[in-house]
Amino acid sequence: MSTDSLLRFITAGSVDDGKSTLIGRLLFDSQTLLADQIESLYKGQRSQNGAPDFSLLTDGLAAEREQGITIDVAYRYFATPKRKFIIADTPGHEQYTRNMVTGASTADAAIILIDATRLDLSVEPISLLTQTKRHSALLSMLGTKHIIVAVNKLDLVDYDETVFNRIVKAYQHLAEHLNLNDVHFLPISALHGVNMVSNSEYTPWYQGPALLPLLESLPTQRSGDAEHTEQAIFPVQRVARQDGNSADDFRGYQGRLDSGRLRVGQAVRLEPSGRSSTIKAIYGPSQEQDEALAGEVLTVTLNDDIDISRGDTIVDANSPLQSTQFISASLAWMDEKPLNLARRYWLKHGNQTTYAKIKSLDYLWEVSSLGHTEDADTLKMNDIGRVHISLQKPITATSYEDNQASGAFILIDEATNHTVAAGMIAQADDSGTWVI
């Protein structure tokens, strides 16, 4: 594991919880802003208490400022002496939950903001906002490793430790239900910089790290860390040919090694054909090499002449992975038009696209109650459900938990070409038949 590598993290929460202000404050306090940015910040509009409006550093679109909300995923880059960061600032409005899924799909960590002033503190236990629950559920589905719950605007409740502890208790119950294991809790005021870069005198009762030191310390799974234990998965993106004399003919298979390790001479299997061969040569971007690790972009040649095309997958000869036409998956619906079980959709998995039919909808996840509705017959925008899918052509798939690259897919409306859903494969389902 590494803590000196790049960390990608996402901010999530409801509208007006302070996500843009938090990011702006991080950029400001970490001294990563340019002089002209600082100057425009102090010349710009002020917050209600006269402090600079740090959200201006992230809300770059005029439409966002006019509506007072962030409506797209805005990526920001900054670095400290200890680490480099990419932040995905995602919208809080329910209508744009699909944007949050986009940002979270590649994140190592997530900061979930909770506005302490928007919860009903007169009841016990405290009830969290539905959007907080929805974002947490999606982060659980997407396998986000580290969750930071930042209880914001504590200055407006006099930095009350009891309020903070009650919110922590409410979220711990949610995290237990969603199987979120690595959860950190911080009391903050993003506007005033409390516990953002260093611990504040306003919260002497808090003994944990401030936000930036915590982000600097989080481990990430670096490419190649697990190559000794993971099976090799190499989806073919392109077939490169160079025809000449029969002895000089070249056919290489290009793509990114999703997991594991490949070596010259290694026995491999091709899916979905099941044909076997051995690695003849491996070429990196600049030169030939003897082996490759997960994350590298490669050109691979084989010792046997096998019919391979885009969308096929090279795996270890003894890999348990098998191509399948039937999968069960969690589905996050993103389109304004609801799921139609009578229709077929395009399913894009890695480099392969095939027709798909939703055979059945097992249940709809009721985010507000954390329960299941098992008699649902459709999914609407922002709904999450468990489905069984049949495919016209087989794909080489893993569960999303085992490998995010080969366990994820999207559904596309064949009429509008809109991306309508993001899917996370639970397992292969060998029963059933393809139905047009």
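**Reading features in a predicted model**

Mentor: Let's begin with aspartate 362, which counts as partly exposed at 31% relative accessibility. That label has cut-offs: buried is under 20% relative accessible area, exposed is over 50%, and partly exposed lies in between, with a 1.4 Å probe and protein chains only. Please keep in mind that this is a predicted model, where local features need pLDDT of at least 70, side-chain atom pairs count only at pLDDT 80 or more, and totals for chains, interfaces and linings use all residues. Residues are numbered from 1 along each chain as its sequence is written, and side-chain values use heavy atoms, leaving out hydrogens and water.

Trainee: Where does aspartate 362 lie?

Mentor: Aspartate 362 is part of strand S19, residues 352-366. Strands (E, at least two residues) and helices (H or I, at least four) are DSSP runs, numbered from the N terminus.

Trainee: Which residues gather with Asp362 in a patch on the surface?

Mentor: Its companions are Glu374, Asp375 and Asp377, and together the four make a patch of negative charge. Patch members have over 30% relative accessible area and no salt bridge; like charges are joined within 9 Å, and nonpolar side chains within 5 Å. Asp and Glu count as negative, Lys and Arg as positive, while His and the chain ends are left out.

Trainee: How many salt bridges does the structure hold?

Mentor: There are nine. A salt bridge is a side-chain nitrogen of Lys or Arg within 4 Å of a carboxyl oxygen of Asp or Glu. One of the nine pairs aspartate 115 with lysine 153, their closest N and O atoms being 3.0 Å apart. Aspartate 115 sits in strand S4 and lysine 153 in the loop between strand S5 (146-152) and H6, so this pair ties together parts 38 residues apart in sequence. Aspartate 115 is buried at 3% relative accessibility, whereas lysine 153 is partly exposed at 22%.

Trainee: Which residue does arginine 261 meet in a salt bridge?

Mentor: The side chain of arginine 261 meets that of glutamate 291, at 3.4 Å from N to O. This pair links distant parts of the chain, with arginine 261 in strand S10 (residues 261-263) and glutamate 291 in strand S14 (residues 291-293), 30 residues apart. Arginine 261 is buried at 14%, and glutamate 291 is partly exposed at 35%. Arg263 joins the picture too, since Arg261, Arg263 and Glu291 are linked in a network of salt bridges.

Trainee: Is arginine 269 buried or exposed?

Mentor: Arginine 269 is buried, with a relative accessible area of 9%, and it is found in strand S11, residues 267-271. It forms a salt bridge with glutamate 271, the closest N and O atoms being 2.7 Å apart, and glutamate 271 is buried as well.

Trainee: Which backbone oxygen does the side chain of arginine 269 reach at 3.1 Å?

Mentor: That is the backbone oxygen of serine 319. The arginine 269 side chain also reaches the backbone oxygen of alanine 317, at 3.2 Å. Polar contacts are pairs of N or O atoms within 3.5 Å; within protein, one atom must be able to donate a hydrogen and the other to accept it, and residues adjacent in sequence count only if both atoms are side-chain atoms.

Trainee: What about the backbone: which peptide bond has omega near 15°?

Mentor: The bond from glutamate 271 to proline 272 does, and it is cis. Proline 272 belongs to the loop between S11 and strand S12 (276-283). A cis peptide bond also joins glutamate 124 and proline 125, with omega about 0°. Proline 125 is in the loop between strand S4 (109-115) and helix H5 (130-141).

Trainee: What is phi of asparagine 179 near?

Mentor: Phi of asparagine 179 is near 60°, a positive value in a residue other than glycine. Asparagine 179 lies in the loop between helix H6 (161-178) and strand S6 (183-187), and is exposed at 60% relative accessible area. Asparagine 195 also has phi near 60°, but asparagine 195 is buried, at 0%. Its place is the loop between S6 and helix H7 (211-217).

Trainee: Why is helix H1 described as largely enclosed by the rest of the structure?

Mentor: Because ten of the eleven residues of H1 (residues 19-29) are buried. Among them are Lys19, Arg25 and Phe28.

Trainee: How far apart in space are tyrosine 75 and alanine 88?

Mentor: Their C-alpha atoms are 4.6 Å apart, although the two residues are 13 residues apart in sequence. Tyrosine 75 is found in strand S2, residues 74-80, and counts as partly exposed at 34%.

Definitions and conventions
Accessible areas come from the Shrake-Rupley method with a 1.4 Å probe; for residues, only the protein chains shown count as cover. The place of a charge is taken as NZ of Lys, CZ of Arg, CG of Asp or CD of Glu.
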